[in-house]
Amino acid sequence: MDLVGLLKSQFLCHLVFCYVFIASGLIINTMQLFTLLLWPINKQLFRKINCRLSYCISSQLVMLLEWWSGTECTIFTDPRAYPKYGKENAIVVLNHKFEIDFLCGWSLSERFGLLGGSKVLAKKELAYVPIIGWMWYFTEMVFCTRKWEQDRKTVATSLQHLRDYPEKYFFLIHCEGTRFTEKKHEISMQVARAKGLPSLKHHLLPRTKGFAITVRSLRNVVSAVYDCTLNFRNNENPTLLGVLNGKKYHADLYPRVVSEVPLDAFQEEYYRTGTFPETPMVPPRRPWTLVNWLFWASLVLYPFFQFLVSMIRSGSSLTLASFILVFFVASMGVRWMIGVTEIDKGSAYGNSDSKQKQND
């Protein structure tokens with residue numbers, strides 16, 4: 001391992017990133033709270049401000065992917081379709097197999113200038129996660145309980161509110177509902193066979209109700225549906241911990257403008273040949289994620305180091321013990337944030353299919 005790689009793997013660096021993210025995130029969440037005063041006066045101004053504040057948070061994670069780990073993203077697409085990316089609202093349907101697939105979706109949005117306003121159909125529990133979940137609340141993210149009788153009205157209402165949204169956006173949907181695992185795939189295919197549906201080799205049975213209501217609610221507002229397949233070269237299985245350690249990955253993304261979502265034949269071809277059809281293109285990474293992180297780092301790290309130096313100079317045993325406690329809590333916080341993305345900590349959503357099948 002070279003010196004730079006060794007530096008990136010050090011836990012102290014990880015704590016710096018975590019501290020900057022948490023400190024700046026809480027400051028931004030507080031600023032977002034005050035913007036609520038604008039809602040009854042000028043709703044569109046409220047939205048535009050919160051898009052920029054949202055960017056200040058989400059771009060820090062994109063910075064880790066693009067600048068810290070140096071992960072590259074190649075898009076295989078029709079050159080005629082490429083100029084439209086970022087110029088129109090679009091629904092993005094993405095496979096859900098990797099721990100950082102959400103981060104790749106954010107990177108795609110960032111490279112086309114849509115990160116601040118982009119949306120996702122997310123489970124309601126995420127709305128209560130500090131910083132990111134609270135940020136999503138102020139940017140009118142669409143949350144669902146994954147219980148259709150409850151979601152039928154609430155999701156449709158949330159989507160209707162986006163019809164006059166002033167910023168361009170990608171609306172990301174993971175139609176599989178939960179991350180792909182072999183166990184979930186086996187259960188999902190049992191349900192598919194019981195319902196007489198086609199068997200899929202590389203995907204779970206898609207959840208169509210959320211997709212259908214999104215398309216219906218955003219008709220004439222969203223110009224296209226992109227069916228996207230994401231893979232990583234050399235059969236890599238990227239993790240957020242790997243990104244934090246500075247490990248470089250290479251993502252291949254295959255977006256297709258479609259009228260219907262096809263089966264997983266393209267995934268099979270990728271495993272066989274190591275590439276997708278169409279022309280490979282690498283959208284340039286923009287410097288603003290790095291500039292944003294450097295701004296917040298300079299803002300929150302200076303007073304922190306001043307406080308740290310004053311504690312060390314005091315020589316108080318109680319002060320040093322308190323610092324060690326804070327260090328331990330921060331360590332646990334880093335591990336918890338990483339654990340949220342781990343596949344084996346994913347939902348038991350696929351198991352509900354099995355229970356439903358037994359009840360049927």
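The protein has 13 helices and 8 strands, and I should say at once that what we are looking at is a predicted model. Of the 360 residues in the protein, buried ones make up 50%, and if we take the contacts with a separation of 6 or more, residues 24 or more positions apart account for 78% of them.

Let me turn to the interior. The largest nonpolar core has 57 residues, and those with the most contacts inside it are L64, I100, W136, F170, Y226, L230 and F232. Helix α3, which spans residues 43–68, gives the most to this core, contributing 10 residues. Apart from that core lies another one, of 20 residues, with I91, C144, I173 and V222 among them. As for L64, if we leave aside residues up to four places away in sequence, its contacts are F17, S69, V243 and L244.

Next, the packing around α3. Two packed helices are described by the angle between their axes and the distance between the axes. For helix α2, residues 11–35, and α3, the axes come within 9 Å and cross at roughly 170°; an angle over 145 degrees counts as roughly antiparallel, and α2 is therefore roughly antiparallel to α3. On the α2 side the contact is made by C13, F17, V20, F21, S24, G25, I28, N29, M31, Q32 and T35, while α3 brings residues including F46, I49, L53, I57, L61, L64 and W68. Sorted by class, this contact of α2 with α3 has 15 nonpolar and 8 polar residues, and no charged residues.

The UniProt annotation "transmembrane region", which comes from an unreviewed entry, covers residues 12–39, 290–312 and 318–338. Over residues 12–39 the chain in this model is 86% helix and 0% strand, with the end C-alpha atoms 41 Å apart.

How, then, does α3 pack with helix α4, residues 101–111? Their axes are 9 Å apart and the angle is about 105°, so that α3 and α4 are roughly perpendicular to each other. Here the contact is made by Y55, S58, L61, V62, L65 and E66 of α3, together with L103, C104, W106, S107, E110 and R111 of α4. By class, the contact of α3 with α4 has 7 nonpolar, 2 polar and 3 charged residues.

Staying with α4, 10 of its 11 residues are buried, so this helix is largely enclosed by the rest of the structure. The buried residues of α4 include the charged ones D101, E110 and R111, alongside L103, C104, G105, W106, S107, L108 and S109. Just after α4, G113 takes a positive phi of about 75°.

That brings me to the backbone. Most residues other than glycine have a negative phi, and most peptide bonds are trans. Against that background, I131 has a phi near 70°, a positive value in a residue other than glycine, and I131 is found in the loop between β3 (119–123) and α5 (132–138). E278 likewise has a positive phi, near 75°, and the place of E278 is in the loop between α10 (265–273) and β8 (279–281).

Are these two residues buried or exposed? I131 has a relative accessible area of 5% and is therefore buried, the cut-off for buried being under 20%, whereas E278, at 42% relative accessibility, counts as partly exposed.

Note on methods: Residues numbered from 1 in each chain as written. Predicted model: local features only at pLDDT ≥ 70, side-chain atom pairs only at ≥ 80, totals over all residues. Heavy atoms only, no water. Core = buried A, V, L, I, M, F, W, Y, C linked by side-chain atoms within 4.5 Å. Buried < 20%, exposed > 50% of the residue type's maximum accessible area, 1.4 Å probe, protein only. Helix = DSSP H or I, 4+ residues; strand = E, 2+ residues; numbered from the N terminus. Contact = heavy atoms within 4.5 Å. UniProt positions renumbered as here; feature names shortened; annotations may be inferred. Axes fitted to C-alpha atoms, helices over the stretch in contact; angles between N-to-C directions. Parallel < 35°, antiparallel > 145°, perpendicular 65-115°, else oblique.
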